[in-house]
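Grab a pencil and have a look at the fold below. Then work through the exercises at your own pace.

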Amino acid sequence: MITKRKNILKIAIDSPAAAGAGTIAKAISKHYGLFYLDTGKIYRYLAYLKLKFPKEFNKKFIKLKIKSLNSRNLLNKMLLSNEIGNEASIISKDKNIRKMVHSFQQKCAYNPPKKYKGSCLDGRDITYKIVPDADLKFFITANVKVRAIRRYKELKDLKKKIKFNDVLKSIKKRDKSDINRRISPLKKTKDSLLINTTNLTKRACFFKIKKIIDNKIKK
Ligand code: C5P
């Protein structure tokens, strides 16, 4: 059983790869004083560990790593590579791995550190599995080419040697896998608000979501 703080604001976001959810979620969390968790980073971190320690990568090892998980582990720039993203998409289909990650995410959502007024999580199954009773739910998406361009720029900024077509291919492959998998697929729930960022600047997107949150808080 997890401890649940009362009267906190919980925001849940699901989105396909590189739709801009992380950037928006970070800005929103900062503005409202919410604890932010990019859940994709946890799967990316585990993927990184699997590639680095293939022989040790078993249930016990993963459990230990999740137990000692801290935000510094998730800030590692290496986690942003295409290779890690692809591997994350593969390991995230594993029922046991999802189970182990589940309670860590719920702790962050329902019992964020006291200095925060609530939480904001983004991922693939946040709106219906991790925080089904969130106060606000968003499904953030964008055209696949626009997403690939954004991810390509991000990777180029990190000085990664990468071709645009490989980024596009990898995003399409991950979309297909994340949407069609049996366990915790990416989907938009009926009670999630659809935000399409294809033609929106970061600023426009932030204000669009802020308006929705402000209306909800006022009630
Ligand atoms: O969000 P990001 O693209 O960093 O996530 C990497 C991969 O982790 C996704 O393609 C997806 O397969 C997996 N993931 C997941 N559930 C989440 C977040 C991410 O399965 N809540």
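**Exercise 1: helices over the sheet**

Work out which strands helix α10 and helix α1 lie across.

Solution. Start with α10 (residues 202–218): this helix lies across β1, β4 and β5, and runs at about 165 degrees to β4. Now take α1 (residues 21–32), which lies across β1 (9–14), β2, β3 (118–123) and β4, at about 165 degrees to β2. Helices (H or I, at least four residues) and strands (E, at least two) are DSSP runs, numbered from the N terminus. Angles run from 0 to 180 degrees between N-to-C directions, with axes as lines fitted to C-alpha atoms, for helices over the stretch in contact. This is a predicted model, where local features need pLDDT of at least 70, side-chain atom pairs count only at pLDDT 80 or more, and totals for chains, interfaces and linings use all residues. Residues are numbered from 1 along each chain as its sequence is written, and side-chain values use heavy atoms, leaving out hydrogens and water.

**Exercise 2: the sheet**

Find the order of the five strands and the edge strands.

Solution. Going across the open sheet, you read β2-β3-β1-β4-β5, with parallel pairing (two strands pair if DSSP finds at least two bridges between them). The edges are β2 (34–38) and β5 (193–196), each pairing on one side only. From one strand to the next, the twist averages 20 degrees. Four bridges join β4 (residues 136–141) to β5, and Thr141 stands opposite Asn196 in β5.

**Exercise 3: two helices crossing**

Describe how α2 and α6 meet.

Solution. The axes of α2 (residues 39–52) and α6 (residues 95–110) come within 11 Å and cross at roughly 135 degrees. Contact (heavy atoms within 4.5 Å) involves residues including Ile42 of α2 and Phe104 of α6.
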